[in-house]
Amino acid sequence: MFYRAPGKAVCADVIPFYEDGVFKLFYLRDYRDVEAHGEGCPWCLLTSEDLVHYTDYGPVLLRGSEEEQDLYVFTGCCIKAGGEYVIFYTGHNPHLRAKGLPEQKILRAVSRDMIHWEKDKSFVFAAPSWLEMHDFRDPFVFFDEEKGRYCMLLAGRLKNDDPVFSKGVTLIAYSEDLKNWELSEQPFYAPHAYFTHECPDLFRMGDWWYLVFSEFTDRIVTTYRMSRSPFGPWTAPKVNNFDGHAFYAAKSVSDGTRRILFGWNCIKLGEKDNAPWQWGGTIIPHEVVQDEDGTLWVKCPAEVAAQYKEPMPITPGRTLGGAERTKDGYLLGREGKNIQMLGALPENGKLEMRFVCEDACGDFGVLLRADEGLDAFYAVKFEPRFNRLALDIQPREDNTRHTQVDVERYCPIVPGAENKLTILVEGSVLEVYVNDKVAMSARMFDRPQGDFGIYTHNTRVQFRAIELYR
């Protein structure tokens with residue numbers, strides 16, 4: 001269902017393109033195996049017509065040598081101009097820094113079929129002297145209809161006296177021919193808030209324009225800003241991220257009727273629950289949803305949710321505390337911990353339910369891959385008093401930590417209102433969707449099997465219409 005590169009490799013930043021009914025997704029492949037594959041990172045091409053079944057054509061934009069600028073072929077964009085496709089990409093080589101040369105420059109390649117690419121050796125676009133030379137990357141090109149010229153957004157860092165983690169800016173350059181570019185000294189977006197604005201993306205929905213980028217300074221998320229104009233001024237809505245910190249470097253593309261956001265659900269070192277997060281992982285598509293006020297949310301694409309077709313039995317098991325069977329579900333609560341286990345959870349499956357909480361006092365949610373003694377499990381946890389959705393892992397590695405959750409998301413839950421919950425599991429991948437608006441990506445590495453159930457803690461919740469599929 002969710003795509004990861006073969007072998008030890010992982011998928012990093014996705015560069016999406018849509019044409020003739022096909023999602024054409026370039027992605028950065030990190031082999032995670034220098035001995036077998038050498039150093040560096042190419043672009044691979046992945047295609048899909050339904051966001052479920054994928055064909056991987058392997059490396060198409062090849063990495064250079066250790067002496068060349070593009071040992072690592074990092075993020076960029078693909079456009080079609082005339083009869084050819086053009087890629088602008090980041091040539092990254094950490095070995096050049098020791099020689100006093102820029103670690104990153106913008107490079108160019110062209111193709112007639114998107115599979116065979118010729119690098120334009122005559123094209124090099126480097127950071128000018130007023131920018132830090134090693135952080136100049138992630139080009140995104142669009143056409144300005146009003147002025148009849150191409151624009152390129154870039155991630156860079158100003159050379160000034162701002163704090164180290166506040167120098168990041170989104171830059172803009174202009175071109176008439178896609179070859180000669182003039183970089184504006186006036187930043188496109190400069191909030192004095194992040195180390196850098198990775199993977200910029202720009203699109204329009206209705207009357208609004210959206211600037212998307214990813215930051216690893218504050219929350220480590222893909223975030224967005226809004227404007228009535230493609231050139232700002234930009235404002236941040238109250239909820240300005242699409243997912244949590246286990247979904248990163250997301251960029252979007254429209255299929256003509258909807259917009260799909262592609263990010264990666266990152267893995268952890270050694271693929272262990274309590275290990276540090278790493279770069280790259282598994283590609284996850286979210287469908288972008290626009291509210292009446294212009295704010296953006298995401299939901300599970302319909303074709304992804306529809307793939308889980310085989311109903312699985314709900315088999316009530318162990319009960320802890322108070323759990324009352326109702327006509328179409330269970331009523332749990334209120335004081336203390338209350339649990340109703342509901343049977344085995346398939347390794348790959350979809351769990352759907354509706355719920356209504358009576359108050360915002362405690363927490364409640366769904367236990368996943370629990371052991372028989374309920375001593376080890378993952379918990380999709382709602383905390384209405386904090387407007388928070390989170391993933392908790394038991395047993396915790398360190399019970400003295402002040403932050404007791406692995407991933408968290410803003411998620412408003414109104415007492416008395418009915419809510420829709422969809423949970424998708426595939427191997428270690430966990431995707432949670434609430435009310436077709438809030439998404440939370442996470443990972444479950446250590447426990448591949450176990451039972452699922454529902455629980456409340458110091459609150460009372462009605463769970464109904466519980467369905468399980470694989």
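Let's start with a pair of charged side chains: K420 and D436 form a salt bridge, with their closest N and O atoms 3.4 Å apart. The two partners sit 16 residues apart in the chain, K420 in strand β30 (residues 419-426) and D436 in the loop between β31 (429-434) and β32 (438-443). Please keep in mind that this is a predicted model. The structure holds 31 salt bridges and zero disulfides, and its largest nonpolar core has 66 residues. Here is a tour by topic.

**Salt bridges**

- Are K420 and D436 buried or exposed, or in between? K420 is partly exposed, with a relative accessible area of 23%, and D436 is also partly exposed, at 32%.
- R258 and E287 also meet through their side chains, in a salt bridge of 3.6 Å from N to O. This pair links distant parts of the chain: R258 lies in the loop between β16 (247-254) and β17 (259-268), while E287 belongs to strand β18 (residues 277-290), and the two are 29 residues apart.
- Both ends of that bridge are buried, R258 with a relative accessibility of 18% and E287 with 13%.
- R137 forms a salt bridge with D135, and here the closest N and O atoms are 2.5 Å apart. R137 is buried at 6% relative accessibility, and D135 is buried at 14%.
- Which residues are linked with R137 in a network of salt bridges? The network joins D135, R137, D138 and E198.

**Nonpolar cores**

- In soluble globular proteins, nonpolar side chains tend to be buried together.
- Within the 66-residue core, the residues with the most contacts inside it are F26, W117, L368, I423 and L430.
- Take L368 as a worked example: leaving out residues up to four places away in sequence, L368 touches L345, L351, F377, Y378, V380, I423, L430, M444, D451 and F452. I423 and L430, two of those partners, are themselves on the list of residues with the most contacts inside the core.
- Another core, of 43 residues, lies apart from the largest one, and its members include F2, Y3, F262 and L296.

**Cysteines**

- A disulfide is a covalent bond between the sulfur atoms of two cysteines.
- Why is C77 not bonded to C78? The closest cysteine sulfur to that of C77 is in C78, and because the distance is 7.6 Å, the two are too far apart for a bond. C77 is buried, with a relative accessible area of 4%.
- C300 is in no disulfide either; the nearest cysteine sulfur, that of C411, is 16 Å away. C300 counts as buried too, at 10% relative accessibility.

**Strands and sheets**

- How are the four strands of the open sheet ordered? They run β5-β6-β7-β8, and the pairing is antiparallel.
- The edge strands of this sheet are β5 (72-81) and β8 (117-119), each of which pairs on one side only. From one strand to the next, the twist averages 30°.
- Inside the sheet, strand β6 (residues 84-92) and strand β7 (residues 104-111) pair in the antiparallel sense over eight bridges. I87 stands opposite A109, a residue of β7.
- Elsewhere, strand β28 (residues 388-394) pairs with β29 in the antiparallel sense, over four bridges. The bridge partner of L389 in β29 is R409.
- Strand β29 (residues 407-410) shows two faces: V407 and R409 make up the covered one, and E408 and Y410 the uncovered one. R409, the bridge partner of L389, is thus on the covered face.

**A buried loop residue**

- Where is T459 placed? T459 is in the loop between β33 (451-457) and β34 (461-469).
- Although T459 is in a loop, T459 is buried, with a relative accessible area of 1%.
- What is T459 in contact with, leaving aside neighbours within four places in sequence? The contacts of T459 are L332, G333, R334, D359, G362, D363 and F364.

Conventions: Residues are numbered from 1 along each chain as its sequence is written. This is a predicted model: local features need pLDDT of at least 70, side-chain atom pairs count only at pLDDT 80 or more; totals for chains, interfaces and linings use all residues. Side-chain values use heavy atoms; hydrogens and water are left out. A nonpolar core is a set of buried Ala, Val, Leu, Ile, Met, Phe, Trp, Tyr and Cys residues joined through side-chain atoms within 4.5 Å. Buried means under 20% relative accessible area, exposed over 50%, partly exposed in between (1.4 Å probe, protein chains only). Contact means heavy atoms within 4.5 Å. A disulfide is a pair of cysteine sulfur atoms within 2.5 Å. Two strands pair if DSSP finds at least two bridges between them. Axes are lines fitted to C-alpha atoms, for helices over the stretch in contact, and angles run from 0 to 180 degrees between N-to-C directions. A salt bridge is a side-chain nitrogen of Lys or Arg within 4 Å of a carboxyl oxygen of Asp or Glu.
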